[in-house]
Every structure is written in C-alpha cells, then in structure tokens.
Amino acid sequence: MASNLTKFIHSLDPRTLPRVLQIQSGIYFQGSIYEMFGNECCLPTGELIKITGFKINKIIASICESNEDSQCSARIELPLNFPGLCKIVADKTPYLSIEEITRKVSIGPTRLGHPCFYCNKDIKLANFTIKQGEQIMFNSVEEVNGTLTVNCGVVRDNQSHSFTLPLSQEGEFYECEDDHIYTLKEIVEWKIPKSRNRIVKFTNMLHTWDSSNPLPENFDGCLILAPIYEVQGVMKFRRDIVHILSDLDIEVIDVTDSYDISCFLQPLSMEDVFERTSKEFPMVAEVIEGPTGRQQLYNLLCPGKEIVIHKKYQAKRILASEIRSDSHKRHFLIPASYKGKFKRRPREFLTAYDLEIARSDKEQLHVVATKAFDSPHAELFSVSVGDQFLVQQRQTGEVIYQGRKKVIDVLACEQILSEAYKEVLLPMYMEGGFVEVIHDKRQYQLSELCKEFRLPFNVKVSVRDLSIEEDVLAAMPGLQLEEEITDSYLLISSAGDPADSWEIPVYRLNMSVQLLSKSVAETVSSPTRTIVEEISEEQYYMVRRFENQALHPPPRPPKKPTTLESKPLLTLAERSVLDAPHAVRNLYVDTTKKLCSDQATAVSELQVSCQNDLVHWENEDDVTGTATLLDSNVIKGPINNMLLEEKYSYEYVDENVIENIRKKFQESTVQNKTYPLKKKREETSKME
C-alpha cells in the first residue's frame, strides 16, 4: 500500500534498515534541476531507492499562543541549534503496549534515554505488582532467552525496585510529566516519538530577542514540533549517495521483499570497514562520499578516487585544548609524529591537593599564591596573596581539633622569605589559588613532554612543524596537553601511489566507500603521514570518556572549630573589590629559585603599581577580563588570578623588564618612599 514519504519515514524503525522503496507518484522540478542544496528534488515514478539511514534535518514548529489545546496560528522553521531551554508537555495519547513504546520512543543508556510512563491499571508480575498510576522508568531493552524485554524500575519509599516487562505486555500507558529542561537538540535526538509530534514550552531564551528570532517577542506559548528528516539512500543505477528530505511530495511503497538488495551500490562507512577482519586487508575501494576540508589528505578522498586501505590498528594521540578564559575553546588531537617544538607555560592550581598531583621528583614546583587562606588551626600556615612556596611532599600532621589531637593530611612546603626559607604545612583540603613560576626556558618535543612531565601540562608552540602546510597549533596562544588517548585508525593510500600512506580516524571522518574486486600488491611504504586533527566540542567529550579515573578526590575538610577566634569579615566594599573582574595586562613573574630580599620587594612593588594603574589598563581594548595579583596589604582580600591573559602577547616578563616597570611606577606613585634597589641591581648583574 502506497503512502507519502513523510508518513513512511515517521513510522520507519531504524532497526529494519535497509529498505527498498519504489516511487509510486514522482515529483518533477521545473527546469530539470535534480538537486537543490544537496538534496534530491526530482524523482521519477518507478524509481527504486535503497534507504540506508535517516536523521532529523530541521524542525517545523506550529505556534500555540496560550497552551497546547489552543489553535495554532503559524508555522515556523527552527534550526537544530536554536538557543533556549524547553520543558516537555506530556503526551495525552496512550501507548497500548510495551512493544509500541519500544518501537516509537528512544530508550538508551543515558538520562535522556530513560522515559517514564504510568499505567491506568495495576500490572501483576510474578513477585511484584505495579500499582495504578505508579511511575515506571524504562532503562534499557535487552534479549533474555530469545525474548525481548524492557528493564524497568520504580521508586517506593526512597528505594528503587528493578524488574522486567515483556514487549507483549498490554495496557494503556501514559507519558509522565517531565520536570527536566532540555535544549532543542536534546529533544530532537531523544524526546520526539516516532509517528507523533512533540509539544514543548520554552522556559528560558538563551539570548536577547531580535528581529532574526522566528518566535514572537515575549513568546510564552507552546510549540508543536514536527521533525523533517534527511533520508540517505542509493539508487539502482547511480554510483553516489543521495539525500532526500522527508517532506518531499512523493508517494512510495516498500518493496524490500521483492528485490535483491545486493544489486544496489553497497556503500560502507569507515566504521563498517574497521569491523572487517584483519585477514581481509589490504583492500581497494572507491570513495563514494568524501569529507570536506583544506588539508592535503582530503584531496586524496574526493568522490570517485580509488584508494588502498592497508590495515586497521590503534594509535595514540595527545588530547589538547586551547588555553583561554571563555568557554569557546578549540580542541585538537596531536599525533606523536608532530615535529613542532614547545615551551612551557605556567599552570594554575586551585587547591593544595592539585599541587600534590603536579609535584615531580625531577623538578621542584615553585608557585605564587593568588588567593588568601586563613587556617583554622594554629599548627597550619595561613596563606596571603603573593606568598611564594617550593612544594616538598605530602605527609601527615597533628592539629588540635575540638580539644583533641587529630591527624590530617598536609602538604609540606618551603615559604620563600626575604633572605631565608621557612618550613610550613598547608592542609590538603585548602582551597586557594596558585600560579606556577617557570624557570625552564628549554624547547621540548612532544614525546619529551609526555615522558618527563605529568599531564595535564601547559605549553605554547615555539617552533612550528615545517613538514605540514598549515600548522594550526602554532597560532594558539597556549595549549593544555590534557591526556594521552588511544583511538582507532585506518592506514590508506592512493591506488596510484601505495607507498604514500596516511592515517585516517575511523569514528570522526564522515565518508563512505565502495569495495572493489581488485588485487593489491605488497608495498614497502614510506613513513606514515599524519595530521593534527581539530575536533568539535561534542567529539571532545566523546574522547574524554576514557579519562583516567585513577586519581582520588581530595579529602573533605574538617569543620572549623567554634572555639577559635573568628577573623573579621570583609566589608561590603572590600567584597566588591574581591569579586569584581579586573581587565589588566599579563605579567608573568619569572625568577630564579633562590630569591633574595630585593627580588621579593620587586614583586611587592609591582603589585602596588598594578593597583595604581588599574583604571588606565581596564580602558584598553586589547585586554581580556581577568584578575591581577595585588598585595593583600593594599586591598583587603585575595584577587583570584595572578596569571593574566593578554589577547596577543604571551611572552614572559624577565627580571630586567620588571625592574624598569618598577622604576617607572615608583617615580609616579611611590614618590615618598625609598626602596633598596641598589643591592638588587648589583646581584642581578652578578647573576647575568
């Protein structure tokens, strides 16, 4: 029986793919244009199409001004990335069986894939009874002894009870009210049932309304969402993949049982190729649909090109992210063969526990405090902004807590004073702020960094990789090397030059190939060519699922004893200074390990000068909004960051530059004070 394409795709179960459709009533676009915006728009009657997949392309929303029962006034098109948060209006139409729910509703391993329903009557199981109206959460679908069942759960008296329901279970199942909020993309991917529309209500628009917003200003009604799918398939006499929108005005009939699917083009994705056994490699393939990009590799993967897929294997990459203050960071996967060189950049630490994790036996960690900490125990050290420490080791210490001795974990450090070092203990639970002081000017290869230092680690490319045409890493102001990951790759080459081989990722390259029945001669390939791969935010979090879980979280801090004298609280004006973001220039303190008294004085003078010149710097356009390091004697409270980010320059400020800045600021702001600079200059010239 023929049906229109929209209705057929809305009711199609992805698990039954591929399906062969025959066009019963075609569509002919005026002017003989067969394709518009990458989608087919001219399909003749009688044409055969093998459907291999489909996904939601856009959303058509009907506007209901007051509630879901009111009459819809207009239809608008919403992109999948439309900003705003929505609440779902529960579907009032019941599902008549568990099988219908599993067929039409998305059920998966994440929170988004756990829909909840209730039944209008009791359901009696072997040793459990589900009460009428009781909320049932559908967690997963699995096969047990050849029978498909749904793993479900109910919560009674704050206790969770698990059970299974067969797909044959019948009854009237209604969708439960959902108090969660979702993005439009989450609703599209998980919350629109097959063959049904979804009613939503926006709770928060994530941007200010403007004329480009398709919704009316101050819109407070409901939207009925109807998805438009992009259908992917192949035709019988064409060697490419076609894309058809489901709202195309054609009628189709399912003829899968009447045709041999093997007579169609058999496109394979990179995942399909990777699932082949190792004995089937090498193989020759023709690129049917290739990726887009400017890199040299993508020229090899143009549609119609023949390639040799030599083997499949696992390879290591370094996951790196751009260092910047906002959330719009770029992410990269760097191969071990990257030939550029790196210089170290200061790291920031939020707790003493982070200092312990970053501590290394090869190099003593030198940090400057950017946030004050008042210790509740006399045995432990209270930190002021500007204090400098050499981190030693983790150990245990005794404190007096509520009149009793208690053993806690502490971090032993050496505080750098004017002319000496002082042994101090910091509680491991201490919440503060520290910035690393870098003394190392050496340039490192990527392999050396991974071998000598513990990730995550901050670096900047100092020498670009000259073997690649465009080194995107060299343009980054700073990179954080986060972790080493292992991923799946295919080794490919051009059929005309099998020795010139490339690595391509399996799960992030959107391309398809058709295998060819051609033999491949064994070749000795030159060194494999790799690329620095920039990945999206979504792909970044996908690879982060392998994050190392071996590190334990810091211990919870003990309660502050009530017997201790409480220190005076900050005034409202002082708090406003503490909380306000300040836009000032980047000043990295780069000193030698043995700081003398005048070096400490120089840092203090620089802090005073920064405060006096703060208003002038805040008005400059090329500065990002971060905090500066100010002396706690000048402003009563800590400022969050000493590491200040400048928009373009990330060079270190050496001691001579600091001295010149100090002299300039001293003349203009500290005219009535005299600082011992002569000794400092003499010692600096000796060190040089």
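A residue counts as exposed when its relative accessible area is over 50%, and as buried when that area is under 20%. With that in hand, here is a short tour of a predicted model.

**View 1. Asn158 and Asp157 share a loop between two strands.** Asn158 sits in the loop between strand 13 and strand 14, and Asp157 is placed in the loop between strand 13 and strand 14 (159-166). With a relative accessible area of 78%, Asn158 is over the 50% cut-off and therefore exposed. Asp157 is exposed too, at 76% relative accessibility. Take a look at the backbone here as well: phi is near 65 degrees for Asn158, a positive value in a residue other than glycine. For Asp157, phi is near 50 degrees, again positive in a non-glycine residue. Most residues other than glycine have a negative phi.

**View 2. Val154 is a buried residue of strand 13.** Strand 13 covers residues 147-156, and Val154 is part of it. What is the relative accessible area of Val154? The value is 1%, so Val154 is buried. Leaving aside residues up to four places away in sequence, Val154 touches Phe128, Glu134, Gln135, Ile136, Gln159, Ser160, His161 and Phe163. One of these partners, Ile136, is 18 residues from Val154 in sequence, while their C-alpha atoms are 5.3 Å apart in space.

**View 3. An open sheet is built from 6 strands.** Follow the strands across the sheet and you will meet them in the order 26-31-27-28-29-30, with antiparallel pairing. Which strands stand at the edges? They are strand 26 (348-351) and strand 30 (421-427); each has a single partner strand, so one side of each has no neighbour in the sheet. From one strand to the next, the twist averages 35 degrees. Inside the sheet, strand 27 (residues 366-371) pairs with strand 31 (residues 431-436) in the antiparallel sense, over 4 bridges. Val367 has Glu436 of strand 31 as its bridge partner. Strands of a sheet pair through backbone hydrogen bonds.

**View 4. Two proline residues follow cis peptide bonds.** The bond from Leu17 to Pro18 is cis, with omega near 0 degrees. Pro18 belongs to the loop between helix 1 (5-11) and strand 2 (19-25). Farther along the chain, Leu455 and Pro456 are also joined by a cis peptide bond, where omega is about 5 degrees. Pro456 is found in the loop between helix 7 (446-452) and strand 32 (457-463). Most peptide bonds are trans.

**View 5. Confidence varies along the chain.** The mean pLDDT of the protein is 76, and 73% of the residues score at least 70. Where is confidence lowest, and where is it highest? Helix 11 (residues 614-618) is lowest, at a mean of 34, and strand 24 (residues 331-335) is highest, at 95. Residues 28-37 stay under 50, and the model gives this stretch 15 contacts beyond four places in sequence. Residues 546-552 are also below 50, with 5 contacts beyond near neighbours in sequence. Where pLDDT is low, the predicted coordinates should not be read in detail.

**View 6. The protein as a whole sets the scene for the close-ups.** It has 13 helices and 36 strands. Of its 688 residues, 46% are buried. Among contacts with a separation of 6 or more, 70% join residues 24 or more positions apart. The accessible surface is about 36,900 Å², and carbon and sulfur atoms account for 49% of this area.

Definitions and conventions: Residues numbered from 1 in each chain as written. Predicted model: local features only at pLDDT ≥ 70, side-chain atom pairs only at ≥ 80, totals over all residues. Heavy atoms only, no water. Pairing = 2+ DSSP bridges. Axes fitted to C-alpha atoms, helices over the stretch in contact; angles between N-to-C directions. Buried < 20%, exposed > 50% of the residue type's maximum accessible area, 1.4 Å probe, protein only. Contact = heavy atoms within 4.5 Å. Areas by Shrake-Rupley, 256 points an atom, 1.4 Å probe, with all protein chains shown as cover. pLDDT = per-residue confidence, 0-100.
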